[in-house]
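Thank you all for making time this morning. I would like to walk you through one structure, going from the overall layout to the interior and then to the surface.

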Amino acid sequence: MSTHPPEAQTGGVDTAAGRPIGEIIFAAGVLSLGIVGFVAGAGIKMPPSATGIGPREFPFIVSGLLIFLGTAIIIQLLRGRRGAPEEGEDVDPNAKTDWLTVAKLVGFVALHILLIVPAGWPVAAAVLFFGASWTLGSLSWWRNAVIAVVMALVLQFVFAGLLGVSLPAGFLLEGVEIFNG
Amino acid sequence: MDNFMALMEGFSVAMQPMYLLFALGGVLVGTAVGVLPGIGPAMAIALLMPITYSLDPTAAIIVFAGIYYGGMYGGSTTSILLNTPGESASVVTALEGNKMAKAGRGAAALATAALGSFVAGTIATVLLTFLAPMLAEFAVRIGPVEYVALMVVAFLTVGALLGASVLRGLASLCIGLFLALVGVDALTAQQRYTFGNPFLTDGIDVVLVAVALFAMGEALYIASRMRHGSVDVIPVSGNWRKWMKREDWRRSWKPWLRGTFIGFPIGTIPAGGADVATFVSYAAERKLAKGEDKAQFGKGAIEGVAGPESANNAAAAGVLVPLLTLGIPTTATAAIMLVAFQRYQIQPGPLLFEVEGALVWALIASLYVGNLMLLVLNLPLVGLWVKILQIPRPYLYAGILVFAALGAFSVNFTPVDVWILLIIGILGFFMRRYGYPIAPLVVGLILGPIFEDQLRRSMAISQGDPTALITSPIAAVIYATLALIFALSFWMKKRQKAMESSMAEDSVTSGGGDQARA
């Protein structure tokens with residue numbers, strides 16, 4: 001760990017070997033956003049105004065820039081110059097991307113969204129917290145569950161009960177006054 | 001003298017017990033989020049925006065200002081005390097501060113950081129008090145052409161200078177500009193990029209995007225590469241009144257002042273934010289140190305904490321100058337502050353001091369108050385901040401996800417918004433993963449509509465002649481300054497890279513994997 005990351009010398013662009021498929025796909029996404037911008041932009045109606053520029057020019061400028069930048073980044077990637085992933089205190093610079101964890105978290109957020117209306121916000125929030133803390137490696141499930149339930153109830157009390165934010169309390173807490181704004 | 005009277009009136013508002021309480025809440029939250037890795041002031045303000053909607057504007061702005069200043073204080077505690085081997089030199093304070101803590105001088109490092117932040121924050125707020133109204137008076141007279149020039153400067157510096165890769169920064173900016181186009185064109189009422197979808201007709205909510213990118217995207221990204229195991233915090237002991245020895249005072253006071261006067265100007269011009277200021281201050285201190293003190297650099301020199309920390313806080317105050325007087329944010333946090341203002345129908349810009357005088361001066365007064373609160377809070381309460389730093393990471397990031405979902409749901413009280421949060425959050429994850437900076441996207445999204453409006457006005461005035469955009473004398477000066485800023489900051493970045501790599505070599509030759517922090 002005593003060597004500095006290579007991006008220090010190459011202007012923030014890593015020169016690791018291997019073909020960066022994911023990065024190329026993302027840059028291609030930038031490029032295709034620009035193409036969509038042009039295609040859909042052509043459909044913007046131009047009112048017959050006399051002077052200056054209408055509603056279509058600025059979208060075309062932005063779309064053109066997106067196409068240029070997307071292409072330039074793809075060329076850079078094919079030449080082997082890759083982006084430097086963001087760093088942070090809790091990021092392990094040696095860890096490989098753990099796609100399973102990301103997928104699980106996305107799944108729990110999706111479950112949370114599906115639960116908000118039928119089960120109420122506190123239930124949905126507790127499920128999200130419980131699932132996310134378990135996914136992230138907190139294995140004591142009963143402690144996770146206690147913290148999840150307490151936190152959901154406190155948030156519901158503070159935001160719905162005290163501050164009047166209209167969070168649906170759900171059928172379990174329907175009649176409890178302090179949880180309803 | 002007018003301004004002085006106005007400031008006094010601002011104090012009379014900010015000193016009301018209610019608002020003092022809000023300021024205290026703001027600085028407490030700000031320090032906490034500054035201490036916690038993974039949460040910054042930008043994310044905290046974005047998360048709190050939907051749920052503080054019921055507050056009156058003055059209270060909300062005071063809370064956000066407290067978070068803004070508090071976040072700057074909290075960050076130093078983390079970089080000094082958190083032992084994360086292998087992280088690069090992205091935070092200059094960590095260079096010397098972490099070494100000092102390992103050598104048992106963590107208390108002195110924390111104290112000089114807090115006192116330096118206070119000195120710098122106070123002096124910089126005084127400078128802000130005098131400079132901002134003057135600049136506002138000048139700004140009232142500039143027209144759309146000059147505005148376009150100023151915004152081009154903001155776009156290019158934020159897009160090209162904030163991240164490591166110029167192309168990726170500009171791509172991020174353009175994605176933001178594109179998202180800003182979705183909805184109904186303000187001038188001609190034509191639908192753009194709505195694809196007939198009624199949800200898109202209203203445009204994409206800035207708060208939602210900010211929460212998604214800063215909170216959801218960040219949590220997903222950190223989860224994908226999380227540092228597992230216990231959180232390793234270097235202990236600090238002793239009575240906080242004895243943390244700074246006479247020797248430490250002697251070596252700290254000049255770096256505090258130098259850091260202030262380096263940081264404030266760099267903050268006011270859009271030159272890449274506080275990072276540049278801390279680096280310049282660090283380089284200056286290293287150069288100016290003599291004899292024994294100089295030998296300590298790289299092993300825990302107190303000047304290397306005092307200077308950059310002061311520069312950081314002074315730059316944070318400097319950033320408020322273009323934000324308040326021109327309505328132009330130059331950092332991610334400033335961009336979110338601008339959104340917060342807009343939520344309360346307050347438009348930062350040349351007219352702000354005239355239209356919302358009472359509120360602005362209350363805000364500036366609360367900055368003085370907040371600074372003092374932060375000094376009082378930071379030294380005695382360091383034990384509390386250390387506890388916060390030790391929150392188990394699974395709970396921390398699970399909590400961030402819950403708050404992000406809460407914030408998104410509170411925008412319109414419909415689950416659809418939480419789906420949008422998730423989708424844009426995944427976009428934010430991939431942007432971080434592939435090295436695209438987030439801040440330019442947010443700045444583009446916020447400034448995009450204003451920029452297009454001013455651009456079209458300029459073109460209407462010039463009868464469609466694009467050369468009018470550069471022939472106005474003021475605009476020409478602005479573009480020339482832009483070229484200068486670019487030349488200067490590329491030169492500084494080069495110096496920074498050279499210094500970082502030379503320090504990396506130093507730590508290799510001085511041996512020991514533990515010192516990789518350089």
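Let me begin with chain A, whose secondary structure comes to five helices and two strands, arranged from the N terminus on as β-α-α-β-α-α-α. Please keep in mind throughout that this is a predicted model. Of the 181 residues in chain A, 41% are buried, and among its contacts with a separation of 6 or more, 56% are between residues 24 or more positions apart.

Turning to the interior, the largest nonpolar core holds 213 residues, and the members that touch the most others are Trp121(A), Phe64(B), Phe214(B) and Ile336(B). Helix H5 of chain B, residues 92-139, gives the most to this core, with 16 residues. Domain 1 (6-83) and domain 2 (99-179) of chain A both contribute residues as well, so the core lies between them. If we look at Ile336(B) and leave aside its neighbours within four places in sequence, its contacts include Ala42(B), Met49(B), Phe214(B) and Val442(B). Apart from this core lies another, of seven residues, including Ile266(B) and Met492(B).

Finally, the surface: chain A exposes about 9,000 Å², with carbon and sulfur atoms supplying 69% of it. Phe130(A), Trp141(A), Trp142(A), Val146(A), Val150(A) and Val154(A) form a nonpolar patch there, with about 630 Å² of accessible area together, and helix H5 of chain A, residues 141-162, provides the largest share, five residues. Why does Trp142(A), in that helix, count as exposed? Its relative accessibility is 54%, and exposed means over 50%, so Trp142(A) qualifies.

Terms used
Residues numbered from 1 in each chain as written. Chains lettered and ligands numbered in written order. Predicted model: local features only at pLDDT ≥ 70, side-chain atom pairs only at ≥ 80, totals over all residues. Heavy atoms only, no water. Patch = residues over 30% accessible without salt bridge, like charges linked within 9 Å, V, L, I, M, F, W, Y side chains within 5 Å. Areas by Shrake-Rupley, 256 points an atom, 1.4 Å probe, with all protein chains shown as cover. Salt bridge = Lys/Arg side-chain N within 4 Å of Asp/Glu carboxyl O. Helix = DSSP H or I, 4+ residues; strand = E, 2+ residues; numbered from the N terminus. Buried < 20%, exposed > 50% of the residue type's maximum accessible area, 1.4 Å probe, protein only. Core = buried A, V, L, I, M, F, W, Y, C linked by side-chain atoms within 4.5 Å. Domains from an automatic or database assignment. Contact = heavy atoms within 4.5 Å.
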